Amino acid sequence: MNGREAVFILCCFWLFFFLFEKFAALIKWKVEEWKRDRGISTHFGGIWWQTNRFNGFFQFLGVKYRSFLLLWFRIGVWFGIFALIGSLLFLLWNLFIFFTNSSLSSDLPLLTPLIPGVNLPFDQLFYYFAALAISGIIHEGGHAVAGVVEKIGVESFGIFLMAIYPGAFVEFKQDFLQEEGEEELSTPNLMKKKISPFQQLKIICAGSWHNAVLAFAACILLYLLPLVLFPFYSSLDQGLMVTSLEKGSAAESRLQLGDVIIGISDCELNGLESWNKCNSYLLEPSYASKLLCIPLSSFNEHKTSELDCCNQIHWEGRQQCFSLNDQNDFQNQNVCISARVVVEESKFCTIEDEECKKDLVCLKPVIKEGEEGQVYIRVETQDKRLFAFRGSGASLWQTIGVGTWKSRRFSPFGNRIPDMLKQWLTYIVSISGALALLNMAPAFYLDGQHACSMFLQLAFTLESKRREYISWWICCITTVLLVVNILLSLLALF
């Protein structure tokens, strides 16, 4: 499934959801009453669930551990102030990276949005959304507990799904955000309670502070993962172990679960990052244009004068069809040659690399009509087995699952569990860390907008209107910086 198909399916889902609600209202099903009784609200493209069931839990934490949490959230304020300044420097540095490099590349920017089907593989969506959900819940939970500590009652806590992105939110019984000198107000629906700017900062910074702690904890667990998993798993020093194989695929007939792959064509494997890197390499035009070069003596010994294999091109027989590169008196003619010789003795050379091709005969696989885009892929295992097959550049990535851990004989878990855990923790570090920093950016609609105003109120003796004016301009500039960074990052992706 590609990105366009995913977007189409997503739009169809929300359209069906919207039409179902309209149909239910038309035939007078009590859907609205059912949703209202359960705290559910819906709009096109979004679902919200709101409840007060967690209020007792937040109240328990805030009251029982209040002495510790007063210090905890005081530290959070200092983190928030550093994050507020650091986010500005981060956005400026990200722009500097863009404009000091001659070409845009998705590997260059520090700030890169994750888009399913573009730079986020579909098989990693679960880890991404699970990390996003837990990061959002921890963020809003931090606000809620800080509100209880500062005696601002929690009205409700909720989660939502906007398009495909999950999140969380918290509502307080009192509006605690106010400027110095503003009178304490109350209305039939909302009471405004006056607390100091520092207390307000505690509540505002609590979300990002908890995200930072979550990212740090996940980072520590990642570092200690080999020790934690040692009783059940051993890590591989080289290569990647096969953890799953798609039934009916070309690789299934040649690989077994537990095999260790150390190389794909001329790309070495060492770690999950190398697997993605090598599979991306197979998609590049530079790989498709590479030649398979074997010693001239082997070529003369194993080539055949018959061209039967070229009349019906396939990659399962002993003899396979190749076209000869125009060197050593050959002029782009086809030849049948032992598949085993090509697999075991060939090396990959570019057309321009004359040194690589020296004293060698260079071949290119012949692709039959209708199979354009397929390439020659060679797989090498740790036990020195070599095999090759023809397929698209993404065929290995789609049909073979790999991992970096090998389960011990007495392990009750599968081989994929450690890599799944590592992948999820990696996403938590990335997403929660990004929320900790960027949500404190002094930009509109972020926590940093209110934190900036409160910080100016604490740090400088300024008139209220002058402080609001300075805060507004800081937020304008940062918002523009943030939008420009996101747009340039999207440009680099596409």
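**Exercise 1. Find the residue in β14 that is the bridge partner of Thr304, then place both strands in their sheet.**

Step 1. Look across from Thr304 into β14 and you land on Cys336, its bridge partner. Strands here are DSSP runs of E at least two residues long, helices are runs of H or I at least four long, and both are numbered from the N terminus.

Step 2. β12 and β14 (residues 334-338) pair antiparallel over two bridges; pairing requires that DSSP finds at least two bridges between the strands.

Step 3. Zoom out: the open sheet has six strands in the order β12-β14-β13-β16-β11-β15, with antiparallel pairing. β12 (303-304) and β15 (347-349) sit at the edges with a single partner strand each, so one side of each has no neighbour in the sheet.

A quick note on the ground rules: this is a predicted model, where local features need pLDDT of at least 70, side-chain atom pairs count only at pLDDT 80 or more, and totals for chains, interfaces and linings use all residues. Residues are numbered from 1 along each chain as its sequence is written, and side-chain values use heavy atoms, with hydrogens and water left out.

**Exercise 2. Work out how β16 is held in the sheet, and whether its residues are buried or exposed.**

Step 1. On one pairing, β11 (residues 291-295) runs antiparallel to β16 over four bridges, with Ile294 partnered by Val361.

Step 2. On another, three bridges join β13 (residues 319-324) to β16, also antiparallel. Here Leu324 has Leu363 as its bridge partner.

Step 3. Now check burial (buried is under 20% relative accessible area, exposed over 50%, partly exposed in between, with a 1.4 Å probe and protein chains only). Five of the six residues of β16 (residues 360-365) are buried, so the strand is largely enclosed by the rest of the structure.

**Exercise 3. Identify the residues that touch the most other members of the largest nonpolar core.**

Step 1. Pin down the term: a nonpolar core is a set of buried Ala, Val, Leu, Ile, Met, Phe, Trp, Tyr and Cys residues joined through side-chain atoms within 4.5 Å.

Step 2. The largest core has 37 residues, and Leu363, Leu396 and Ile400 touch the most other members.

Step 3. Follow Ile400: leaving aside neighbours within four places in sequence, its contacts (heavy atoms within 4.5 Å) are Val242, Ser244, Leu245, Ala251, Leu255 and Trp275.

Step 4. Don't stop there: a second, separate core of 30 residues includes Ala83, Ala146, Leu201 and Ile204.
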